[in-house]
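Let's take a walk through this structure together, starting with a term that will come in handy and then moving from the rings to the whole chain and a few single residues.

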Amino acid sequence: MKQAGEKIVSLTAYDAGFARILDAAGVEIILIGDSLGMVLHGEEDTLQVSMDDMAYHTRLVSRAVERALIVSDMPYMSYPCAEVAALNARRLLDEGGADVVKLEGADAATLAIIRQLGEHGIAVCGHVGLQPQSVEKYGGYKVQGRDEAGAKRIFEEAQALEAAGAIMVVLECIPAGLADQISAAITIPTIGIGAGPGCDGQVLVLYDALGISSRIPKMAKDFLAEEKSVFAAVQHYVLAVKSGTFPAAEHSFT
Ligand code: KIV
């Protein structure tokens, strides 16, 4: 799809009911994000989410999905070394039914883990830019890569993830121009959230896309506001991403 210039559509889901709707409406990648800690559990951040939580919610989603690729988040502290990462990733695949696992970061240790997961035949999605599992380090949910050094680091991290064998990479909350440069420089798809329209695909937290989160972030849009059903709202999102009308400038950062 990247080579053909066709935008890739992704949303999060955490249960069978919503997953069935997303799958039927044409969402191509369903992410069981550790954002479930915030939108389902009401936590302030994603740091309390456990492997049990991820395996459980991944299983609920995979039961309902017939077409979409299923990506499941490795939660905070679930990949401290390659051995533990492999056991936990296997759990999301075997017990949960995921196709791909997602890890945040691209430091040397994380890249080595991604390489080793690949050697075990486990497909990995990377995640750079704003990494919610490192929110304490940033002092809040802030746009990353606005300064030259930060932009260079994120650019190099995306390249390093491709070299380590990641099959795609989420770019979260970075300037649209930086996301454009990364998307042009690597051959694996970039999936943006708050990273502008130039990414190869887009992802949103489902609750933000339906306007049912406690606070809708700038990078999201309430697609249910103009529609009469969740199915119609998700179809609207799919068409907006495919046609390039979402995200617009108002959902992006400079
Ligand atoms: O946990 C999540 O929902 C995510 C998306 C924000 C990409 O990682």
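Before we start, one definition: the rings of Phe, Tyr and Trp (its six-membered ring) form a pair if their centres lie within 6.5 Å, and a pair is called edge-to-face when the planes are over 60 degrees apart. Keep in mind, too, that what you see is a predicted model.

With that in hand, look for Tyr14, Phe18 and Tyr207, which ring pairs link into a cluster. Searching the whole structure turns up five aromatic pairs. One of them is made by tyrosine 14 and tyrosine 207, an edge-to-face pair with 6.1 Å from centre to centre and 70 degrees between the planes. This pair links distant parts of the chain, since its two members are 193 residues apart. Tyrosine 14 sits in the loop between strand S1 (8-12) and helix H1 (16-25), while tyrosine 207 belongs to helix H9 (residues 206-209). Are these two tyrosines buried or exposed? Both tyrosine 14 and tyrosine 207 are buried.

Now move along to phenylalanine 223 and phenylalanine 246. Their ring centres are 5.3 Å apart and their planes meet at 80 degrees, so this pair is edge-to-face. Phenylalanine 223 is in the loop between H9 and helix H10 (230-243), and phenylalanine 246 is in the segment after H10, so the pair ties together parts that are 23 residues apart in sequence. As for cover, a residue counts as buried when its relative accessible area is under 20%. Phenylalanine 223 has 1% relative accessibility and so counts as buried, and phenylalanine 246, at 4%, counts as buried as well.

Stay with phenylalanine 246 for a moment and look at the bond that follows. What kind of peptide bond joins phenylalanine 246 and proline 247? It is a cis peptide bond, with omega at about 0 degrees. Proline 247 is found in the segment after H10.

Let's step back and take in the chain as a whole. Its secondary structure adds up to 10 helices and eight strands. The radius of gyration is 17 Å, close to the 18 Å that the globule rule gives for 254 residues, so the chain is as compact as a globular protein of that length. Measured out along its principal axes, the C-alpha trace spans about 45 × 40 × 40 Å. Of the 254 residues in the chain, 56% are buried. Among the contacts with a separation of 6 or more, 61% are between residues 24 or more positions apart.

The outside of the chain has its own numbers. Its accessible surface comes to about 10700 Å², and carbon and sulfur atoms account for 52% of that. The chain carries 20 positive and 33 negative charges, and the mean positions of the two groups are 3 Å apart.

Back to single residues, with a look at the backbone. Methionine 77 has a positive phi of about 70 degrees, although it is not a glycine. You'll find methionine 77 in the loop between strand S3 (69-73) and helix H4 (82-94). With 62% relative accessibility, methionine 77 counts as exposed. Cysteine 173 also isn't a glycine, and its phi is positive, near 50 degrees. Cysteine 173 is in the loop between strand S6 (168-172) and helix H8 (176-185). Its relative accessible area is 6%, so cysteine 173 is buried.

To finish, try two residues in and beside strand S3. Arginine 67 is in the loop between helix H3 (51-64) and S3, and at 55% relative accessibility it counts as exposed. Setting aside residues up to four places away in sequence, which ones does arginine 67 touch? They are Asp23 and Gly26. The C-alpha atoms of arginine 67 and isoleucine 113 are separated by 28 Å, with the two positions 46 residues apart along the chain.

Valine 71 lies in strand S3 itself, and with a relative accessible area of 2% it is buried. Apart from neighbours within four places in sequence, valine 71 is in contact with a list of residues that includes Ile29, Ile30, Leu31 and Ile32, along with Val100, Val101 and Lys102. Cys125 and Met168 are also among the contacts of valine 71. The C-alpha atoms of valine 71 and isoleucine 29 are separated by 7.0 Å, although the two residues are 42 residues apart along the chain.

Notes:
Residues numbered from 1 in each chain as written. Predicted model: local features only at pLDDT ≥ 70, side-chain atom pairs only at ≥ 80, totals over all residues. Heavy atoms only, no water. Helix = DSSP H or I, 4+ residues; strand = E, 2+ residues; numbered from the N terminus. Rg over C-alpha atoms; globule rule 2.2 N^0.38 Å. Buried < 20%, exposed > 50% of the residue type's maximum accessible area, 1.4 Å probe, protein only. Contact = heavy atoms within 4.5 Å. Areas by Shrake-Rupley, 256 points an atom, 1.4 Å probe, with all protein chains shown as cover. Lys, Arg positive; Asp, Glu negative; His and termini not counted. Charge placed at Lys NZ, Arg CZ, Asp CG, Glu CD. Phe/Tyr/Trp six-rings, centres within 6.5 Å; stacked < 30°, edge-to-face > 60°.
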